[in-house]
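Visitor: Hi! Could you walk me through this one? I'd like to start with what counts as buried.

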Amino acid sequence: MPGDRSEPPLRRLPGSLMLVLLPIAAVQVIAATAPAIPSPAPGPPSPSLRFDSARAEGNAPHEPFHIYGNTYYVGVGGLSSILITSSGGDILIDGDLPESVPNIVANIRALGFRVGDIKLILNSHDHFDHAGGIAALQRMSGARVAASKLSAQVLEQGHSGPDDPQYGSAPPIAPVRGVQTVHDGETLHVGSLAITARFTAGHTPGGTSWTWKSCEQELCVDIVYADSLTPVSADGFLFSNNKGYPGAVDDFRKSFATLSALPCDILLTPHPGVSDMWPRLERATHGAGPSAWVDTTACRRYAQTASENLGKRLASEAGK
Ligand SMILES: [Zn+2]
């Protein structure tokens, strides 16, 4: 479908809303000397959103905001949706819950961008709270959707199979049509934008993190949208011994290594609280500027915490 014609005329924001531009070295020094940021802690698990009250709370509207360069937050209060813009078209990562779509659309418009300019929609993983809104956003924008082969199957079917640790308990999603498959390490392009898929399976078999560069004038940073790494499952699923997903533990460990090794100046996550989104936004808007977003240790700490949580989960499965 063509772009939404009811939208207001195109109004591009200036490249940056930040008042201060610092050289990267200064940003890193400030980040290193800033008050200690608590370790990113994977969770809360998405299953909590199966309950109506938690789901409504997760979907609470949130004002959109600028993160860095051409990267913006357009999600809701408990679920991230990230817009990356260029004069040749935009990229949107994650569509959140089906009922999040009006909020995401309103946020995109409030920033002065147009849903019809989204040319590519990507997904962290295919659970209903991150992929539930993608079909509607695809229809509204006419964007292509791309995902790992395993995620693409789930997105097109509208439900996962027994290889999903949450199979049987995660709600279905609206099926997405014509999903393009991407390889691990593949870079996709929209206009001047380049975004690379890094497979980070474990939470789901097709889970994918995405990484790109955003620049403010000549200062470029590596941004990582790291997928959920929580070992959350339906009742009875054992990560340590499961016929539906026998490689789950190996996949998790590979994902921890992948995220730990990525160039990573700014970590973003599908559940914004997991990567301290709100304290960072508070600091960014109260004087710290871009340095509030930068923490070159965040991806490694995120992976480390996730690894510890997997260890606890496997210990709890011992003897079962
Ligand atoms: Zn999930």
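Guide: Happy to. A residue is called buried if 20 or more other C-beta atoms lie within 10 Å of its own, and exposed if 12 or fewer do. Keep in mind that this is a predicted model.

Visitor: Good. Is Ala197 buried or exposed, then?

Guide: Ala197 is buried, because 21 other C-beta atoms lie within 10 Å.

Visitor: Which strand is Ala197 in?

Guide: Ala197 belongs to strand β9, residues 193–199.

Visitor: And what is Ala197 in contact with, beyond its neighbours within four places in sequence?

Guide: Its contacts there are Ser148, Val182, Asp184, Gly185, Glu186, Thr208 and Trp210. On a related note, Ala147 is 50 residues away from Ala197 along the chain, yet their C-alpha atoms are separated by 8.5 Å.

Visitor: Nice. Zooming out, how many helices and strands are there?

Guide: Nine helices and 12 strands. The protein has 320 residues, and 50% of them count as buried. Of the contacts with a separation of 6 or more, 71% are between residues 24 or more positions apart.

Visitor: What about the largest nonpolar core, how many residues does it have?

Guide: It has 76 residues, and those with the most contacts inside it are Ile91, Ile121, Val145, Leu155, Leu267 and Cys299. Helix α9, residues 298–317, gives this core its largest share, six residues.

Visitor: Ile121 caught my eye. What is Ile121 in contact with?

Guide: Not counting neighbours within four places in sequence, Ile121 is in contact with Leu92, Gly95, Ile134, Leu137, Gln138, Ala143 and Val145. In β5, Ile121 is also the bridge partner of Leu92.

Visitor: How many residues of β5 are buried?

Guide: Five of five: strand β5, residues 118–122, is mostly covered. On one side, four bridges join β5 to β4 (residues 90–93), and the two run parallel. The chain gets from β4 to β5 through helix α3 (residues 101–110), in a right-handed β-α-β crossover. β5 also pairs with β6 in the parallel sense, over two bridges, and Leu120 has Arg144 in β6 as its bridge partner.

Visitor: Where do these strands sit in the sheet order?

Guide: The order is β1-β2-β3-β4-β5-β6-β7, an open sheet of seven strands with mixed pairing. β1 (65–68) and β7 are the edge strands, each pairing on one side only. From one strand to the next, the twist averages 30°.

Visitor: Mixed pairing, you say. How do β1 and β2 run, parallel or antiparallel?

Guide: Antiparallel, with three bridges joining β1 to β2 (residues 71–73). Tyr68, for instance, has Thr71 in β2 as its bridge partner. There's a helix to look at here too: α5 packs on the sheet, touching β4, β5 and β6, and its direction makes about 165° with that of β5.

Visitor: Back to α3 for a second. Which residues of α3 are buried?

Guide: Val101, Asn103, Ile104, Val105, Asn107 and Ile108. Residues three or four places apart in an α-helix point the same way, because there are 3.6 residues a turn. The cover over the buried residues of α3 includes β3 (82–84) and α5. After α3 comes Gly112, with a positive phi near 95°.

Visitor: And in α6, which residues are buried?

Guide: In α6, residues 149–157, the buried ones are Leu150, Ser151, Ala152, Val154 and Leu155. Their cover includes α4 (128–131), α5 (134–141), β6 (144–148), β7 (180–182) and β10 (208–216). Just after α6, Gly158 has a positive phi of about 90°.

Visitor: Glycines with positive phi I'd expect to check anyway. Which residue has a positive phi of about 75° although it is not a glycine?

Guide: That's Asp94, in the loop between β4 and α3. Gln217 is another non-glycine with a positive phi, at about 50°, and Gln217 sits in the loop between β10 and β11 (219–225).

Visitor: Last one: why does Gln217 count as exposed?

Guide: Because Gln217 has 9 C-beta neighbours inside 10 Å, and the exposed class takes 12 or fewer. Asp94, by contrast, is buried, with 28 other C-beta atoms within 10 Å.

Note on methods:
Residues numbered from 1 in each chain as written. Predicted model: local features only at pLDDT ≥ 70, side-chain atom pairs only at ≥ 80, totals over all residues. Core = buried A, V, L, I, M, F, W, Y, C linked by C-beta atoms within 7 Å. Contact = placed C-beta atoms within 7 Å. Pairing = 2+ DSSP bridges. Right-handed = clockwise from strand over helix to strand, strands pointing away. Axes fitted to C-alpha atoms, helices over the stretch in contact; angles between N-to-C directions.
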